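Trainee: I am new to this structure and would love a close look at a single part of it. Could you walk me through it slowly?

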Amino acid sequence: EEKGPYQFVFLQECEYMNGLVYEMVRGLQELQLGFKGELTMSQQMEDLAGALYNEKLPTWWVKLGFASTRPLKAWRMNLQDRCAQLDDWINDPLNIPKVVDISRLFNPQSFLTAIKQLCCQMQGLELDKLQVFTEVTKKDAKQVETAAKDGALVTGMFLEGARWDMISNSLEDSRPKEMFTQMPVINCKAGMMSEKVDKNIYICPTYCVPTRRPYFVFPAQLRTKAPPDKWVLAGVAMILDIAT
């Protein structure tokens, strides 16, 4: 059947995952043969053994993998979570999951672009004149029963430097000793770009990891009662993968 924007993202994610897993299996099999004396140890094999011994990510896994600041054990567990999400998608490839955890995507930007592409197809608009708008819901992923009618429901975002208040549905100051707070499910929709400035909206930069640059994803719109400049000075941002 004809593939849509979401299906291309799904296939791309599968290709990334297959490439990474293939390299992991190949390297580990070679290393095992080297330890048995059946294969001459190369520099790449020694580097792999050294990285695993020190519980660090091997160089090739980093190059083929996803942006992450996790140590090896946590990285492996996160890899399993990413595989599980792809497995769920495989069961019904023509439809995206009710809620997509974009922190488990190799390329979250491509998923957001797919939202805009679908809007272009349905409304006959130009892609370069669209942007992604965010609408924060009052639900977590387990409470969502159906997929979004417009755009896509996403999770996997954490606020740094502030927190999200469910009652006022807006940004508030962080509580003491609270570095990150999880965001509720967010409905990402595509719409026409606008130069109009809303004083009740903070344009929140979103990054893949806590180190932020160069892993920028997109600017989200979060409602605020305080002036947006307050959050700019506080360096408030959303992070996808907060584990270290």
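At what angle do H1 and H5 pack, and how far apart are their axes?

Mentor: Happy to help! Before the details, please note that this is a predicted model, in which local features need pLDDT of at least 70 and side-chain atom pairs count only at pLDDT 80 or more, while totals for chains, interfaces and linings use all residues. Residues are numbered from 1 along each chain as its sequence is written, and side-chain values use heavy atoms, with hydrogens and water left out.

Now to your pair. H1 and H5 pack at an angle of about 160°, and their axes are 8 Å apart. H1 is therefore roughly antiparallel to H5. (Axes are lines fitted to C-alpha atoms, for helices over the stretch in contact, with angles from 0 to 180 degrees between N-to-C directions; under 35 degrees counts as roughly parallel, over 145 as roughly antiparallel, 65 to 115 as roughly perpendicular and the rest as oblique.) The helices themselves are DSSP runs (H or I, at least four residues; strands are E, at least two), numbered from the N terminus.

Which residues touch? On the H1 side, Pro5, Tyr6, Val9 and Gln12 meet residues of H5, including Phe111, Ile115 and Leu118. Contact here means heavy atoms within 4.5 Å. By class, the contact of H1 with H5 has seven nonpolar, four polar and no charged residues. (Ala, Val, Leu, Ile, Met, Phe, Trp, Tyr, Cys and Pro count as nonpolar, Asp, Glu, Lys and Arg as charged, and the others, Gly among them, as polar.)

Let us now follow H1, which spans residues 5–36, to Glu23 and Arg26. Their side chains meet in a salt bridge at 2.7 Å, N to O. (A salt bridge is a side-chain nitrogen of Lys or Arg within 4 Å of a carboxyl oxygen of Asp or Glu.) The two residues lie three apart, about one turn of the helix. Arg26 also forms a salt bridge with Glu30, with the closest N and O atoms 2.9 Å apart. This second pair is four residues apart in H1, again about one turn. Together, Glu23, Arg26 and Glu30 are linked in a network of salt bridges.

How open are these three? Glu23 is buried, at a relative accessible area of 12%, whereas Arg26 is partly exposed at 23% and Glu30 is partly exposed at 28%. (Buried means under 20% relative accessible area, exposed over 50%, and partly exposed in between, with a 1.4 Å probe and protein chains only.)
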